[in-house]
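Trainee: Got a minute to go through this model with me? I'd like to start with the ligands.
Mentor: Sure, put it up.

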Amino acid sequence: MTLGKFITFEGIDGAGKSTHLAFVADLLRERGKSVVMTREPGGTPLGEKLREMLLHEKMHLETEALLMFAARREHLAQIIEPALARGDWVISDRFTDATFAYQGGGRKLPFAKLEALEQWVHPTLQPDLTFLFDVPLDVARARLDATRELDKFEQEKAEFFAATRDAYLRRAAQFPERFRVIDSSRPIDMTRQELRDIVFSA
Ligand SMILES: Nc1ncnc2c1ncn2[C@@H]1O[C@H](COP(=O)(O)OP(=O)(O)OP(=O)(O)O)[C@@H](O)[C@H]1O
Ligand SMILES: Cc1cn([C@H]2C[C@H](O)[C@@H](COP(=O)(O)O)O2)c(=O)[nH]c1=O
């Protein structure tokens, strides 16, 4: 049984989700919640090693999907499930929706294969709330180019990100009860106001 709540942050690279993660964690702490912030791929020592490979080495697309779920299995066992059982609130920078969007939408791996892995790795657990930070591709690209050296995913072409964004939006339409789509092209303060309203009404 889970006592805590599970919130995930999603969006294409450069959408701005990581910028807002600590803000939401602080809002929850102000309301007396014990918050665990984590990320995927990663979140555990083994997951962080897998992240290094996933973000920097070329591999078969099925290997990529399997490693994402392998890292997730460890993440669930070591971090997410114990935290939720303690009654903590878990905020994760990405979770399984990212695999459907990137490996399914972006790389075109059949969704049925991903659904089988999802059933294996977390048959019953889903996030309670998923923020999808949505921005036009050119806005995300400009933000990435302004900030850092690009990893394997961030170097993908516009078509890849168009398909990834589209898969995210379709997933949000498929699961409207848990998704909140945030227009992340606005100034940071406006986005924060919307996040505050959603968190305080939760
Ligand atoms: N309105 C905005 N909202 C959020 N971030 C913005 C905004 N304008 C500019 N940025 C900047 O865009 C950059 C990318 O943001 P961030 O790292 O949060 O994106 P991300 O979605 O987490 O990307 P990635 O998944 O690649 O890590 C940051 O330097 C951030 O300050
Ligand atoms: C969980 C997950 C992630 N990815 C991709 C998406 C991003 O390009 C990177 C993670 O980097 P971030 O800047 O920390 O968001 O990994 C993916 O392709 N599939 C997944 O399941």
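Mentor: What follows covers the two ligands, the pockets and some backbone details of a predicted model.

Trainee: Fine. Which residues are closest to ligand 1?

Mentor: Gly16, Ser18, Thr19, Arg148 and Arg186 are the closest, out of 19 residues that surround ligand 1.

Trainee: Which polar side-chain atom lies 2.5 Å from an oxygen atom of ligand 1?

Mentor: One that belongs to Thr19. The backbone takes part too, with a polar backbone atom of Gly16 at 2.7 Å from an oxygen atom of ligand 1. On a nitrogen atom of the ligand, there is a polar side-chain atom of Arg143 at 3.2 Å.

Trainee: And how much of ligand 1 does the protein bury?

Mentor: The protein buries 78% of the 630 Å² that ligand 1 exposes when taken alone.

Trainee: Which helix gives the most to the shell around ligand 1?

Mentor: H1, with 4 residues. Helix H1 spans 17–30, and helix H6, at 137–147, also supplies at least two residues of that shell.

Trainee: What's the mix of residue classes in the shell around ligand 1?

Mentor: There are 7 charged, 7 polar and 5 nonpolar residues.

Trainee: OK, ligand 2. Which residues are closest there?

Mentor: Ligand 2 has 14 residues around it, and the closest are Asp13, Arg51, Arg94, Thr99 and Gln103.

Trainee: Which side chain has an N or O atom 2.9 Å from an oxygen atom of ligand 2?

Mentor: That is Asp13. Two basic side chains make polar contacts as well: Lys17 puts a polar atom 3.1 Å from an oxygen atom of ligand 2, and Arg72 does so at 3.2 Å.

Trainee: How much of ligand 2 gets buried?

Mentor: 95% of the 480 Å² that ligand 2 exposes when taken alone is buried by the protein.

Trainee: Which elements each supply at least two residues of the shell around ligand 2?

Mentor: H2, H3 and H4. The largest share comes from H4, which gives 4 residues. By class, the shell around ligand 2 holds 6 nonpolar, 6 charged and 2 polar residues.

Trainee: Switching to pockets. Where does ligand 1 sit?

Mentor: In the largest pocket. The space taken by ligand 2 is the largest pocket too.

Trainee: What volume does the largest pocket have?

Mentor: About 690 Å³. It is lined by 36 residues, and those closest to its centre are Asp13, Lys17, Ser18, Arg94 and Arg148.

Trainee: I've heard some of those names already.

Mentor: You have. Ser18 and Arg148 are among the closest residues to ligand 1, while Asp13 and Arg94 are among the closest to ligand 2.

Trainee: Which elements give two or more residues to the lining of the largest pocket?

Mentor: H1, helix H2 (45–56), helix H3 (61–86), helix H4 (96–106), H6 and helix H8 (188–201). The lining counts 14 charged, 11 polar and 11 nonpolar residues.

Trainee: How much space lies in the second largest pocket?

Mentor: About 160 Å³. Its lining includes Lys5, Trp89, Asp128, Glu177, Arg178 and Ser201. By class, that lining has 5 nonpolar, 5 charged and 1 polar residue.

Trainee: On to the backbone. What kind of peptide bond joins Glu40 and Pro41?

Mentor: A cis one, with omega at about -10°. Pro41 is in the loop between strand S2 (35–39) and H2.

Trainee: And what is the phi of Arg94?

Mentor: It is positive, about 85°, although Arg94 is not a glycine.

Trainee: Why point out either of these?

Mentor: Because most residues other than glycine have a negative phi, and most peptide bonds are trans.

Trainee: Where does Arg94 lie?

Mentor: In the loop between strand S3 (89–93) and H4. To tie that back to the ligands, Arg94 is one of the residues closest to ligand 2, and H4 gives 4 residues to the shell around that ligand.

Key. Residues are numbered from 1 along each chain as its sequence is written. Chains are lettered from A and ligands numbered from 1 in the order in which they are written. This is a predicted model: local features need pLDDT of at least 70, side-chain atom pairs count only at pLDDT 80 or more; totals for chains, interfaces and linings use all residues. Side-chain values use heavy atoms; hydrogens and water are left out. A residue is near a molecule or strand if one of its heavy atoms lies within 4 Å of it. A polar contact is a pair of N or O atoms within 3.5 Å; within protein, one must be able to donate a hydrogen and the other to accept it, and residues adjacent in sequence count only if both atoms are side-chain atoms. Accessible areas come from the Shrake-Rupley method with a 1.4 Å probe; for residues, only the protein chains shown count as cover. On a 1 Å grid over the protein atoms alone, a cavity is a set of points where a 1.4 Å probe fits but cannot get out, and a pocket is an open set with protein on both sides within 12 Å along at least five of seven lines; lining residues have an atom within 4 Å of a point. A molecule sits in a cavity or pocket if more than half of its atoms lie within 2 Å of its grid points. Ala, Val, Leu, Ile, Met, Phe, Trp, Tyr, Cys and Pro count as nonpolar, Asp, Glu, Lys and Arg as charged, and the others, Gly among them, as polar. Grid points are joined across faces, edges and corners, and a volume is the space filled by probe spheres set on the points.
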